[in-house]
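New to this one? Take a moment with the model below, then read on for a guided walk through its parts.

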Amino acid sequence: MKKIRLKAMAKINLGLDVVRKREDGYHEVRMIMQTIRMYDQIELEPTEAPGIRVSTNLNYLPTNEDNLVYKAAKLLMDEFDVKKGLNIGLRKFIPVAAGMAGGSSDAAAVMVGVNRLFHLNLSQKELMERGVKIGADVPYCILRGTALAEGIGEKLTHLPPAPAGYVLIAKPGIHVSTKFVYTNLKANELESHPDIDGQIQAIRSGDLKKVAELCGNVLETVTIPAYPVIEEIKDVMKKGGALNACMSGSGPTVFGLFDDREKAKAVYENLYGGELAKQVYLTTFFNNRKSGR
Ligand code: ATP
């Protein structure tokens, strides 16, 4: 059997609302998810020797069962009693712990790859049902494109592709724990909520300006007071001509949406190598679900 290579793409949240905190402690969300052309590279190589072995270019990431790629492969290989082993090579380019679902996307790609490599014949839906056991964002990362995510993020509705634009990504050099953000969120006392339904309408009518105008993320109510650099990056993007700028997921990554590549490039150059952001990328939406993996 030959090795296969896969792309695990990052996402941003064009909109992120928390509807309520449930009694079981989980937060019910409504999020507009969008895949972007930024990806980790994954190589899967079946071996005669049993067991799963992970190698990665980032030496601080776990290579044991704590890595989501390991968990994803094990979940399927155990269920289908795969006798062969698997080498997983992971080259990370998506910023880690950034609110871009890097780990979830790696897990999703591995599930797709293991399904293909060992001829498990699972449908996309069947993979997504298993993916949620690894993480709430994994089903979306299997689906990709533009989607509404509800429940704890696992209830997905496909949307038409968001109108094309330029996406500037900037991650400050700080670490924000997802747990810290959700623990400190006053979910049932939020003063305002992003207009997720309006944003869906704007996506359906192909209106990038309106999509951008309606970007909003309630988790900023926790992260911005604690880490003002997030607001500073948003300001730089908006002053540089972004249609809007917003934090992705639980942060700290900020994205700016532009309809003008030259303006996006100028802000990229302004932020790159500067004090505010450690990692800066200029990219676009990815919406062709059938290609690119
Ligand atoms: P999300 O947007 O889903 O909250 P994130 O971008 O905040 O995700 P990740 O980059 O997925 O966060 O990883 C968070 C933590 O998970 C890391 O600190 C890391 O130790 C652990 N982890 C396990 N597997 C991976 C992986 N394949 N890639 C990145 N991190 C991983």
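What follows is a short tour of the domains, the ligand shell, a helix pair and the strands.

Keep in mind that this is a predicted model.

**Two domains**

Let's begin with the overall layout. The domain assignment splits the protein chain into domain 1 (4–158) and domain 2 (166–284). Their C-alpha centres sit 23 Å apart. Where the two domains touch, domain 1 brings 23 residues to the contact and domain 2 brings 33 residues. On the domain 1 side, strand 1 (4–21), strand 2 (27–47) and strand 5 (146–150) each put in at least two residues. Strand 1 gives the most to that side, with nine residues. Sort the domain 1 side by class and you get 13 nonpolar, five polar and five charged residues.

**Around the ligand**

Now for the ligand. Which of the 20 residues around the ligand come nearest? They are Leu68, Gly102, Gly103, Asp106 and Gly249. Both domains take part here, since the shell draws at least three residues from each of domain 1 and domain 2. Helix 1 (68–79) and helix 2 (102–117) each supply at least two residues of the shell. Helix 2 has the largest share, with four residues. As for chemistry, the shell around the ligand holds nine nonpolar, eight polar and three charged residues.

**A pair of helices**

The two helices just named also meet each other. A general point helps here: packed helices are described by the angle between their axes and the distance between the axes. For helix 1 and helix 2, the angle is about 30° and the axes are 8 Å apart. Their crossing is right-handed. On the helix 1 side, the meeting residues are Leu68, Val69, Lys71, Ala72, Ala73, Leu76 and Met77. Facing them from helix 2 are Gly103, Ser104, Asp106, Ala107, Val110, Met111, Val114 and Asn115. Taken by class, the residues of this contact are ten nonpolar, three polar and two charged. Some names turn up twice: Leu68, Gly103 and Asp106 belong to this helix contact and are also among the residues that come nearest to the ligand.

**A four-stranded sheet**

Next comes an open sheet of four strands, in the order 9-10-7-11, with antiparallel pairing. Its edges are strand 9 (244–247) and strand 11 (279–284), each of which pairs on one side only. On average, neighbouring strands of the sheet are turned by 20° against each other, direction ignored. Strand 7 (residues 166–171) and strand 11 run antiparallel and are joined by six bridges. One of the partners is easy to find: Tyr166 is bridged to Thr284 in strand 11.

Two helices pack on this sheet, as the table shows.

| Helix | Strands touched | Angle of its direction |
|---|---|---|
| Helix 9 (residues 229–239) | strand 7, strand 9 and strand 10 (254–258) | about 15° with strand 10 |
| Helix 10 (residues 261–271) | strand 7, strand 10 and strand 11 | about 10° with strand 7 |

Strand 7 and strand 10 appear in the row for helix 9 and again in the row for helix 10.

**A hairpin to finish**

Last stop: strand 5 and strand 6 (residues 155–158), which pair in the antiparallel sense over four bridges. Leu148 stands opposite Thr157 in strand 6. The two strands form a hairpin with four residues between them. Look in the turn for Gly151, which has a positive phi of about 70°. Strand 5 is also one of the strands that supply residues to the side of domain 1 touching domain 2.

Terms used:
Residues numbered from 1 in each chain as written. Predicted model: local features only at pLDDT ≥ 70, side-chain atom pairs only at ≥ 80, totals over all residues. Near = placed C-beta within 6 Å. Nonpolar A, V, L, I, M, F, W, Y, C, P; charged D, E, K, R; others polar. Domains from an automatic or database assignment. Axes fitted to C-alpha atoms, helices over the stretch in contact; angles between N-to-C directions. Left-handed = near helix turned anticlockwise from the far one by under 90°. Contact = placed C-beta atoms within 7 Å. Pairing = 2+ DSSP bridges.
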